[in-house]
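Here are a few exercises to work through with the viewer open. Try each task yourself before you read its solution.

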Amino acid sequence: MLLKKKIMNKVTIDPAKSILAFYAGQSIFLTGATGFLGKVFIEKVLRSCPDVREIFLLIRPAKGLDVNQRFEKMLNLPLFDKLREERPSSFKKLIPISGNVSDKVLGLSDENKQMLIDRVTIIIHGAASVKFNDSLKYAILNNTRSTRDICILAQNMKNVVALVYVSTAFTNVNKPFVEEKVYSPIVNWKKMIDMAESLDEHTLNVFMAKFLDYAPNTYIFSKNLAESIIQEYSFSLPCAIVRPSIVMSSIREPFPGWIDNYYGPISLYIGGGKGAIRVAYLNTSCHSNFVPVDIVVKAMLVVCWKLGLTTFTKDSNLFVLNCVIERRTTHRYDIDVFRSMLDEIPLDGTIWNNKSIYTTNFILFYILTMLLHVMPATLIDRILMCFGRRPMAIRLVRLLYVVSCVTYYFSSNNWEYSNINKSFLTSLIPPEEQKMFSFDYSAYDMKEYFKNFMIGGKKFLLYEDLNRLDAARVRQKRVHLLSTVTENIIFLGVLWVIYKWIYIYL
């Protein structure tokens, strides 16, 4: 507490020597506020930068809820429990604004647009559709055009000191070594936006393969173009790009293991833990590319601080940060650690053992999917229908199949990343604020991280009771015994059929 008071006393003295001082009085405009990264950013700013003036949150109505209802629902998440206990009044600094990044000018009303122009000093553009199978038209409008509109809005703000764009570490997948700079775009972003606005989805999809070039999907393609937009506007705005890899559960803040989405490998881990995945399309010898969400948030805050302290000129270089974990492991190592943790923290409702077949051969993957996923799922759905229950197994199998296919490119390739700017930024953080803002976790414990990830997944994704671990272990042992016996019987049966066939015909 004494250290905190000392830091707070410095807030009014020199922002160059204190990140807390820099954020005092700042007005932040955040897009992607209801997303995984956005919510953790909100919590971190309110808890660690208590003198921030306000945070404007761009929120769109969705699922029958208006903006204020979505806002209230978001604040009721366990993520904000610590903040609710320590600084309940800080929530008054949050100002929800109706809008939609897929609409022109972000769907802002004239009144809200003028309010942002008059008051905002920092812009964090984190909104994006992260689905790999979005149509080209939607990806361009949502991820690329919105970035242009953010930059145009920022040009009208007289007090803006930092615009940070949250990109992805995979915007340049054609480069085995990714430097901290913006590479030449795949196509001209202006022409691409014009085409997305004027052509229908079917026409765009016809030419999609030609447009995408080396990009494996529309998400990567649209984010690649967005980076070139930031590059172009960086001559008139203080801009920076933060490139996180796959964003996973928190490592430390506000508590270890916070997670609230099933994106990417998360759904595969959970499906494997419950025994629903028998075969996976994966190269286990490749490196995993994930980064804890709180590391990304701290990096964003430090980048804003660095930008805000730098005198902007037209000759200023665009600052790019590759936000990736340096101490990477292979998929095989991660899977083995995850499996070992299942004995200690089993998932409820296990349906089979957690042993899976991993292959890089698509034909083999497809055949095994039919045999080990589709056929059992079809039988399960038939049984459910006989008991008047809603069939769901085939739908789940289809979802897992799609996830495996769209993530294969990233799980079967390796990239190396420059980390010069990371080392530079972490060296600038004042010693007394290292614990609060440092995003260097090179010495973290992978096993401890996975353990917390599993606990967080059970609590916040699956809503499972951690007090029932003993019952889950008993069920898991029974299911594993049953699956082992069944698999051995099937194996012996196949051998018997082969023996009889050889005996009869040979």
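Buried means under 20% relative accessible area, exposed means over 50%, and partly exposed is in between (1.4 Å probe, protein chains only). Helices (H or I, at least four residues) and strands (E, at least two) are DSSP runs, numbered from the N terminus.

A word on the model: it's predicted, so local features need pLDDT of at least 70 and side-chain atom pairs count only at pLDDT 80 or more, while totals for chains, interfaces and linings use all residues. Residues are numbered from 1 along each chain as its sequence is written, and side-chain values use heavy atoms, with hydrogens and water left out.

**Exercise 1.** Work out which way the residues of strand 7 point, and which strands it pairs with.

*Solution.* Start with the side chains: Cys239, Ile241 and Arg243 point one way, Ala240, Val242 and Pro244 the other, and all are buried. That fits the tally for strand 7 (residues 239–244), with 6 of its 6 residues buried.

Next, the partners; two strands pair if DSSP finds at least two bridges between them. Strand 5 (residues 162–166) runs parallel to strand 7 and is joined to it by 4 bridges. Strand 11 (residues 319–323) is also parallel to strand 7, with 5 bridges.

Finally, pick out alanine 240: valine 164 stands opposite it, and so does phenylalanine 319 in strand 11.

**Exercise 2.** Find what the salt bridge of arginine 119 ties together.

*Solution.* A salt bridge is a side-chain nitrogen of Lys or Arg within 4 Å of a carboxyl oxygen of Asp or Glu. The structure holds 22 of them. Arginine 119 forms one with glutamate 54, and the closest N and O atoms are 2.6 Å apart. Because arginine 119 lies in helix 6 (residues 110–119) and glutamate 54 in strand 2, the pair ties together parts that are 65 residues apart in sequence.

Now check the cover: arginine 119 is partly exposed at 27% relative accessibility, whereas glutamate 54 is buried at 5%.

**Exercise 3.** Do the same for glutamate 344 and lysine 451.

*Solution.* Their closest N and O atoms are 3.1 Å apart, and they form a salt bridge. Glutamate 344 sits in helix 14 (residues 331–344) and lysine 451 in helix 19, so to speak distant parts of the chain, 107 residues apart. Glutamate 344 counts as partly exposed at 36%, and lysine 451 counts as partly exposed at 25%.

**Exercise 4.** Hunt down unusual backbone angles at lysine 63, tyrosine 463 and proline 254.

*Solution.* First, the background: most residues other than glycine have a negative phi, and most peptide bonds are trans.

Lysine 63 isn't a glycine, yet its phi is positive, about 55°. It's found in the loop between strand 2 and helix 4, and at 85% relative accessibility it counts as exposed.

Tyrosine 463 also has a positive phi, near 55°. Look for tyrosine 463 in the loop between helix 19 (446–461) and helix 20 (469–505); with a relative accessible area of 67%, it's exposed.

Last, a cis peptide bond joins glutamate 253 and proline 254, with omega about -5°. Proline 254 belongs to the loop between strand 8 (246–248) and helix 12 (265–273).
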